[in-house]
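Here are some exercises to work through with the model open beside you. Try each task on your own before you read the solution under it.

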Amino acid sequence: MTVPRHRARPFEEIVAEHGALVMRVCRALVGRVDAGDAWSETFLSALQAYPRLPAGSNVRGWLVTIAHRKAIDQLRGAARRPEPALELPESAVPEPPDRDDDELRAALDALPPKQRGAVIHRYLADLSYAEIGKVLGSNATAARRSAADGIANLRKLLSKGTP
Amino acid sequence: MTADKQIVQRLARGFSSAAFDADGALRRRLATLAERRGVLDLTYRTVDSPFGPLLLAATPKGVVRVAFSGEDHDAVLSSLASEVSPRMLHTPRRLDEISRQLEEYFARKRRAFTVRMDLQLAHGFRRSVLLHLRDIPYGKTESYRAVAKAAGNPFAVRAAASACSHNPLPLVVPCHRVVRSDGTPGEYRGGPEAKRVLLAMEAAK
């Protein structure tokens, strides 16, 4: 049986290559307090499904799609059984050391979901509009419009000073 | 448009992850949760040895691979990803005990390894050879001929030698205790010099 080239990549390399980007996306999607949980859930789901990822897949787009889904779950507060407490003290969700732009985050939260997703996936995850269309369940044209509308709305929200 | 550009720049700045997981806590937590949920097929780490860094890898069944630094560790990891599973993380989980026992062994404070082993990388006759090798005690040697016979085929001397040189678990499965009939050490996955050093260490009182 021949194994596709990408399957020979240990999952560790996927975490090393994309961990920081996924964290940025999680922090923008759910805020810094819950970002650690969203990050862990994203990589746990990805690890589970990894052997079935088709050859030639865009790994970054795949991870962001999972992160997006996990963030929606988390924001709804649904579908997640609380993880029983871990015995190891090292296993506590670590606090991110650097500060986020809280005003910007509040403005992002005020956007309609598709605009927020499009802005985050375009400007933080650097996905193409075609990929963003897939994540959001629409298409490239709609994703481009959502991103543009999202940026315009952010500008309005932020210029008011109290988003 | 300039205002929009400023917002895009502010987005990039606002959620910077420059210091992302600097202490490794997030990744340790990922490994803990992955193991608990049964989605972590392989763990690996390196440890120091008198022969340079050793790569150790384990499945839930036990230690599956030990690689000397002479083998390209990245290539070994890649082949483990293909032959065992790509669901692997760099973590000491499952490998604390073997790491400790190897350290004791090199310090001449241990003569046998008592960790669980996963021999899935060896098949057929090679596997029979490895099972027999585990019975050769510390400080003793056997010829390739004797090993072939003990593994069930006295004529398969070359196959027995090949099983030793492809041993996925050198040190832990002591293929270094198999020597040529004339008493010279013969080949070794860690290099002939490592084999000489190990045999001298085990022979010393």
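Two residues are in contact if their C-beta atoms, placed from the backbone, lie within 7 Å. Keep in mind that this is a predicted model.

**Exercise 1. The contact between the chains**

Work out how many residues chain B and chain A each put into their contact, and describe the side that belongs to chain B.

Step 1: count. Chain B brings 38 residues and chain A brings 41 residues.

Step 2: find where they sit on chain B. Elements that give two or more residues to the side touching chain A are α1 (2-14), α2 (25-36), α3 (73-83) and β4 (88-90) of chain B.

Step 3: sort by class. That side of chain B holds 20 nonpolar, eight polar and 10 charged residues.

**Exercise 2. Two helix pairs that share α3(A)**

Describe how α1(A) packs on α3(A), then do the same for α2(A) on α3(A).

Step 1: know what to look for. Two packed helices are described by the angle between their axes and the distance between the axes.

Step 2: take α1 (residues 11-30) and α3 (residues 59-76) of chain A. Their axes are 10 Å apart, at an angle of about 35°, and the crossing is right-handed.

Step 3: list who meets whom. From α1(A), the contact includes A:Ile14, A:Leu21, A:Val25 and A:Leu29; from α3(A), it includes A:Val59, A:Leu63, A:Ala67 and A:Leu75. By class, the residues of this contact come to 13 nonpolar, two polar and one charged.

Step 4: move to α2 (residues 32-49) of chain A. Its axis and that of α3(A) come within 9 Å and cross at roughly 130°. That makes α2(A) oblique to α3(A), because the angle falls outside the ranges for roughly parallel, roughly antiparallel and roughly perpendicular. This crossing is right-handed too.

Step 5: list the residues again. On α2(A) you'll find A:Asp34, A:Asp37, A:Ala38, A:Glu41, A:Thr42, A:Ser45 and A:Ala46. They pack with A:Leu63, A:Ile66, A:Ala67, A:Lys70, A:Ala71 and A:Gln74 of α3(A). The class split here is six nonpolar, three polar and four charged.

**Exercise 3. Domains within each chain**

Find the domains of chain A and chain B, and say what goes into the contact inside each chain.

Step 1: chain A. The domain assignment gives domain 1 (1-93) and domain 2 (101-163). Domain 1 of chain A puts 12 residues into the contact and domain 2 puts in 10. On the domain 1 side, α1 and α3 of chain A each supply at least two residues, and the classes are five nonpolar, five polar and two charged.

Step 2: chain B. Here the assignment gives domain 1 (27-106) and domain 2 (124-203), with their C-alpha centres 23 Å apart. The contact takes eight residues from domain 1 of chain B and nine residues from domain 2 of chain B. Strand β3 (residues 62-67) gives the most to the domain 1 side, with four residues. That side has six nonpolar, one polar and one charged residues.

**Exercise 4. Buried helices**

Explain why α5(A) counts as largely enclosed, and find what packs against the buried part of α5(B).

Step 1: α5(A). Nine of its 11 residues are buried, so the rest of the structure largely encloses this helix. Among them are A:Arg116, A:Val119, A:His121 and A:Tyr123.

Step 2: the cover. It includes α1, α3, α4 (102-109), α6 and α7 (140-159) of chain A, together with α1 of chain B.

Step 3: α5 (residues 124-133) of chain B. Its buried residues include B:Arg126, B:Val129 and B:Leu133. The buried residues of α5(B) pack against α6 (144-150), α7 (157-165) and β6 (178-179) of chain B.

**Exercise 5. Two positive phi values**

Say where A:Asp126 sits and where B:Arg94 sits, and decide whether each is buried or exposed.

Step 1: recall the background. Most residues other than glycine have a negative phi.

Step 2: A:Asp126. Its phi is near 60°, and its place is the loop between α5 (113-123) and α6 (129-136) of chain A. A:Asp126 has 12 other C-beta atoms within 10 Å, so it is exposed.

Step 3: B:Arg94. Its phi is near 70°, in the loop between β4 and α4 (96-106) of chain B. B:Arg94 counts as buried, because it has 25 C-beta neighbours inside 10 Å and the cut-off is 20 or more.

Conventions. Residues numbered from 1 in each chain as written. Chains lettered and ligands numbered in written order. Predicted model: local features only at pLDDT ≥ 70, side-chain atom pairs only at ≥ 80, totals over all residues. Nonpolar A, V, L, I, M, F, W, Y, C, P; charged D, E, K, R; others polar. Axes fitted to C-alpha atoms, helices over the stretch in contact; angles between N-to-C directions. Left-handed = near helix turned anticlockwise from the far one by under 90°. Domains from an automatic or database assignment. Parallel < 35°, antiparallel > 145°, perpendicular 65-115°, else oblique.
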